[in-house]
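The following paragraphs offer a guided reading of one protein model. The reader is invited to keep the sequence and the coordinates at hand while following the account.

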Amino acid sequence: MFLFADLDGTIIRSARTKHAGDITVEYKDGAEISCISEKSAALLPKLNFIPVTSRSVEQYKRIKFPSGFSPKFAITDNGGNLLIDGEVQPDWAERSAEIMRSCAKELEHCHKLLESDPDRSFEIRMVDGLFLFTKSGCPENTEKRISVLSECVFYRTGEKVYVIPRRLNKGDGAMRLFRKLGNKDGIICAGDSEMDIPLLNIADIAVFPDSLPADRIKCPVKRTSGRDGFCEYTVEAAAEIMGIY
């Protein structure tokens, strides 16, 4: 069985909310960015863990798990890139580029709308050439200005906002890799935000915080907890399901 899981808020947490005993797994310019609990760090290498994140390749590579553990497979860019042993796979990237090109006009239109958005509080980035990212002081208003999208999806997580090709999502990416690996033992999927719902929807068992709308998550078995301690809950629930402890 595999654990396909989001990273931020699902496996690792911001260093701003670091708990006693947590291990720092990410630094940027000398500052602590992300951390993980000792227990999660010990269990994670036993869980057939495959990260599925909206982070860029560069952002993902900043994460250094303890004891030299590094997942063999990782899906970044919301499904846009596959890394095997830390190397981007060109065939996967080309297919994602084709998806991006199919909605390039809509992304360009959204970029122009974001440029003139008075609530925007950060530069507009085209992440790994695949989707748009920025920040907004009022994401609700920014979403209204973007208006109706046909080929892309608007997401907001706190002040962070994304415009992502509809066919570039974590669920499609994880299922594509799962089929590639030829495993028949089932999938545990975990995530903490609306961007993770496509991932949770391909799961045999979905693990998510009870703040997400359970009626939008279509899978046979659901495991939920509160937001507080969710990162630990994710790893411990997966370990229990797999019979690790």
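Which residues have the most contacts inside the largest nonpolar core? The model, which is predicted, answers with I11, L44, F49 and F65, and the core to which they belong has 27 residues. Several elements contribute to this core: strand 1 (2-5), helix 1 (38-43), helix 2 (57-61), strand 13 (187-190), strand 14 (205-209) and helix 8 (230-241) each supply at least two of its residues. Helix 8 provides the largest share, namely four residues. The surroundings of F49 can be listed in detail: leaving aside residues up to four places away in sequence, F49 touches L3, A5, L7, I11, L44, F65, F69, P71 and F73. Another core, of 25 residues, lies apart from the one just described, and F2, W92, C189 and F208 are among its members.

The account now turns to the sheets. One open sheet is built from three strands in the order 2-4-3, with antiparallel pairing. Because strand 2 (13-14) and strand 3 (23-28) each have a single partner strand, they stand at the edges, and one side of each is left without a neighbour in the sheet. Strand 2 is joined to strand 4 (residues 31-36) by two bridges, and these strands run antiparallel; here S14 stands opposite S34 of strand 4. On the other pairing, strand 3 and strand 4 are antiparallel over five bridges, and T24 faces C35 in strand 4 as its opposite residue. Strand 3 and strand 4 also form a hairpin, with two residues between them. Within that turn, D29 has a positive phi of about 55°.

A further open sheet has three strands in the order 6-7-8, again with antiparallel pairing. Its edges are strand 6 (73-76) and strand 8 (87-88), each of which pairs on one side only. Between strand 6 and strand 7 (residues 81-84), the antiparallel pairing extends over four bridges, and I75 stands opposite L82 in strand 7. Helix 6 lies across both strand 6 and strand 7, and runs at about 155° to strand 6.

Helix 6 also packs with another helix. Two packed helices are described by the angle between their axes and the distance between the axes. For helix 3 (residues 90-102) and helix 6 (residues 170-181), the axes come within 13 Å and cross at roughly 145°; the crossing is right-handed. On the side of helix 3, the contact is made by D91, W92 and R95, which meet G173, R176, L177 and K180 in helix 6. By character, the residues of this contact divide into two nonpolar, one polar and four charged. W92, which takes part in the contact with helix 6, is also a member of the core of 25 residues.

A final position to consider is C110, which has its place in helix 4 (residues 104-115). Is C110 buried or exposed? C110 counts as buried, because its relative accessibility is 0%, whereas the cut-off for a buried residue is under 20%. Not counting residues up to four places away in sequence, C110 touches L132, I146, L149 and V163. A separation in both sequence and space can be given for C110 and A190: they are 80 residues apart in sequence, and their C-alpha atoms are 30 Å apart.

Technical notes:
Residues are numbered from 1 along each chain as its sequence is written. This is a predicted model: local features need pLDDT of at least 70, side-chain atom pairs count only at pLDDT 80 or more; totals for chains, interfaces and linings use all residues. Side-chain values use heavy atoms; hydrogens and water are left out. Two strands pair if DSSP finds at least two bridges between them. Axes are lines fitted to C-alpha atoms, for helices over the stretch in contact, and angles run from 0 to 180 degrees between N-to-C directions. A crossing is left-handed if the near helix is turned anticlockwise from the far one by less than a right angle, and right-handed if clockwise. Contact means heavy atoms within 4.5 Å. Ala, Val, Leu, Ile, Met, Phe, Trp, Tyr, Cys and Pro count as nonpolar, Asp, Glu, Lys and Arg as charged, and the others, Gly among them, as polar. A nonpolar core is a set of buried Ala, Val, Leu, Ile, Met, Phe, Trp, Tyr and Cys residues joined through side-chain atoms within 4.5 Å. Buried means under 20% relative accessible area, exposed over 50%, partly exposed in between (1.4 Å probe, protein chains only).
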